[in-house]
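Q: Could you take me on a close look at the sheet in this model? I would like to start at one edge and work inwards, then see what lies elsewhere in the chain.

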Amino acid sequence: MSLLFRLFPFLTWPRPTPALLRADMLAGLSVGLMVIPQGVAYAALAGMPLVTGIYAAMLPALIAVLFSASRRLSVGPTALTCLLVGTSLTGLAEPGSAQWVELAVWLALLTGAMQVCLGLMRFGWLLNLVSAPVLMAFTQGAALLIIGSQLPALLGMKGPWFQMWSPSNWHLPSAAFGLSCLILLTLAKRWRPTFPAVLLIVLASAGISHWTGFAASGGAVVGPLPQGLPALYIPELPGWRTLSNLLLPTLVIALVSFLETAASAKVDNEKAGRRWNQDQDLIGQGMGKITAGLCGAFPTSSSFSRSALTLYAGARSGWATVASVGVVLIVLLAFTSILSHVPQSILAAIVLTAISGLIKPQAFTQLWRVSRIETSTAAVTLGITVAAAPALHWGVLTGMLMGLSYFLYQRLHPRIIEVGLHPDGSLRDRHLWHLDPIAPDVYALRMDAELDFASASSLLQAISEHLAAHPGLQHVCLFAQPINRIDATGVQAFSQLRETLVAQGVTLHLSGLKLPVEVLLRKAGELENPDQPVMYRTDAEALKSFHDLDT
């Protein structure tokens, strides 16, 4: 039965009751009314036919939630993923063309397949390769690029973007629509986040546009959208050269879009009191992307804002997504003609409102207080993300490489201190706190790291340098409580240390050695001699021994 639940997570959904269905239907209605205009706007951001934004909010969203462990996520088009799609395909095809759509579908299929494979292999831990500062900086850099890309549409500009400061370059009716929508959405987002302001503004703008002849006066509108369900889309196999151009964007989109999912999934599972199953969510999100590709759409992801709305509106299970998909389906079958009159500047305002919350300059200030090195990593990530546009992947890859390099540097340079007995009874850095040695002719040290290939040479060097500086030393005591793992290189280093100390007539003491480390050392025969090293189970026992030795 557990295997069945793993294969089909939707079987664990709570049994529907009138109260549960009522709450989920209301939440689904709210999300469905929001995702329709957002989907159209995000499709424009991805350079895709606008109707594909509605396709991405239907079957892909349903499949993703059915096979995810997190039941209350709102899956569909998101600004960041759509921006990555648009920038990844720049130079490979003309936006909106059949070739562009085909390449976007391949991105959906490849990213989905990658996520499904990673989930099946239980590789969800790969998320940890991207640190929070790198993701924050990359997201803000992408948000700045989104703002820059949407300003011309918001103002109805007729010339290049650098002439935006000239009012004569604006289409004033478009600018009036866009700026009014931006103000109203910002106010609604602040005062009534659950109110379907996006849909009402879209409907109102469509009516005003139609009655005033906005399109006839030169205003850009959405235009006709096809009605009916999407047909099965089977893309032709591109050449190896094209596929090679998609590999790096596939990796970045798969990684970044799932990090978007993680932000929502952690909140969902914390509220439900469950442990987050990131591997199952990888599978569900991947299947959603594959479904999006087969519908002729672009890669989907979990929207943090819509997922938050789902929770805020009182959703209890995945039935909220079923209701949301039903709302989108009704609109697609019967009401797409209304959307054809919506000004393009309204779509730009919707995108700008959605990503405005991603701009957080104070995040850099807070990070500076915590770590200046990570702040530098974040700043470089932000700078390269903006400078390398449209190749945004170089920003996140550079940040990830810098983060991993800093992590490796820390592993190769572990914190090794000589300890002394503090008046409060704890062992602390002797030189930092100006403490006396634990006992005469004793070098007591602690390494706050694992004893492995990265740290072993640093431990040997620290001890050998201290022995050279103190030729009369008789005892070395390693307080080993922080060492929770040892590898083959660590065992070899320990053997070398023990033999060196024996040759110099120095006694080795070990305090608080953890069982996994002790087991491996015993298997290697390094603890066979009862006199060398001298072992203590607790630090108190070791301190008492050295006190007796001193007296």
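A: Happily! Let's begin with Leu 421, whose bridge partner in strand 4 is Leu 427. Strands here are DSSP runs of E with at least two residues and helices are runs of H or I with at least four, numbered from the N terminus. This is a predicted model, in which local features need pLDDT of at least 70 and side-chain atom pairs count only at pLDDT 80 or more, while totals for chains, interfaces and linings use all residues. Residues are numbered from 1 along each chain as its sequence is written, and side-chain values use heavy atoms, without hydrogens or water.

Strand 3 and strand 4 are antiparallel and share three bridges; two strands count as paired if DSSP finds at least two bridges between them. Their hairpin has five residues between the strands, and there Gly 425 adopts a positive phi near 95 degrees. A little further on, the loop between strand 4 and strand 5 contains His 434. His 434 is not a glycine, yet its phi is positive too, at about 55 degrees. Most residues other than glycine have a negative phi, and most peptide bonds are trans.

What does strand 3 (residues 416-421) meet in strand 5 (residues 442-447)? The two run antiparallel and are joined by three bridges. Ile 416 stands opposite Met 447 of strand 5, while Ile 417 has Arg 446 as its bridge partner in that strand.

Now for the whole sheet: six strands make an open, mixed sheet, ordered 4-3-5-6-7-8. Strand 4 (427-429) and strand 8 (534-536) are its edges, each pairing on one side only. On average, neighbouring strands are turned by 35 degrees against each other, direction ignored. Helix 19 (residues 456-469) packs on this sheet and touches strand 3, strand 5 and strand 6 (475-479), where contact means heavy atoms within 4.5 Å. The direction of helix 19 makes about 160 degrees with that of strand 5; axes are lines fitted to C-alpha atoms, for helices over the stretch in contact, and angles run from 0 to 180 degrees between N-to-C directions.

Leaving the sheet, look at the loop between helix 17 (372-387) and helix 18 (393-412), where Pro 390 is found. Ala 389 and Pro 390 are joined by a cis peptide bond, with omega about 10 degrees.

The aromatic rings come next. Rings of Phe, Tyr and Trp (its six-membered ring) pair if their centres lie within 6.5 Å, with planes under 30 degrees apart called stacked, over 60 edge-to-face and the rest tilted. By this rule there are six aromatic pairs. Phe 10 and Phe 67 have ring centres 5.8 Å apart and planes at 85 degrees, so they form an edge-to-face pair. Because Phe 10 sits in the loop between helix 1 (2-7) and helix 2, and Phe 67 in the loop between helix 4 (59-66) and strand 1 (75-76), the pair ties together parts 57 residues apart in sequence.

Last comes a pocket. The second largest pocket is lined by 22 residues, with Leu 45, Leu 83, Gly 86, Thr 87 and Ser 149 nearest its centre. A pocket is an open set of points on a 1 Å grid over the protein atoms alone, with protein on both sides within 12 Å along at least five of seven lines, and lining residues have an atom within 4 Å of a point. Helix 2 (18-45), helix 5 (79-89) and helix 7 (132-155) each give at least two residues to this lining, and the largest share, seven residues, is from helix 7.

Key: On a 1 Å grid over the protein atoms alone, a cavity is a set of points where a 1.4 Å probe fits but cannot get out, and a pocket is an open set with protein on both sides within 12 Å along at least five of seven lines; lining residues have an atom within 4 Å of a point.
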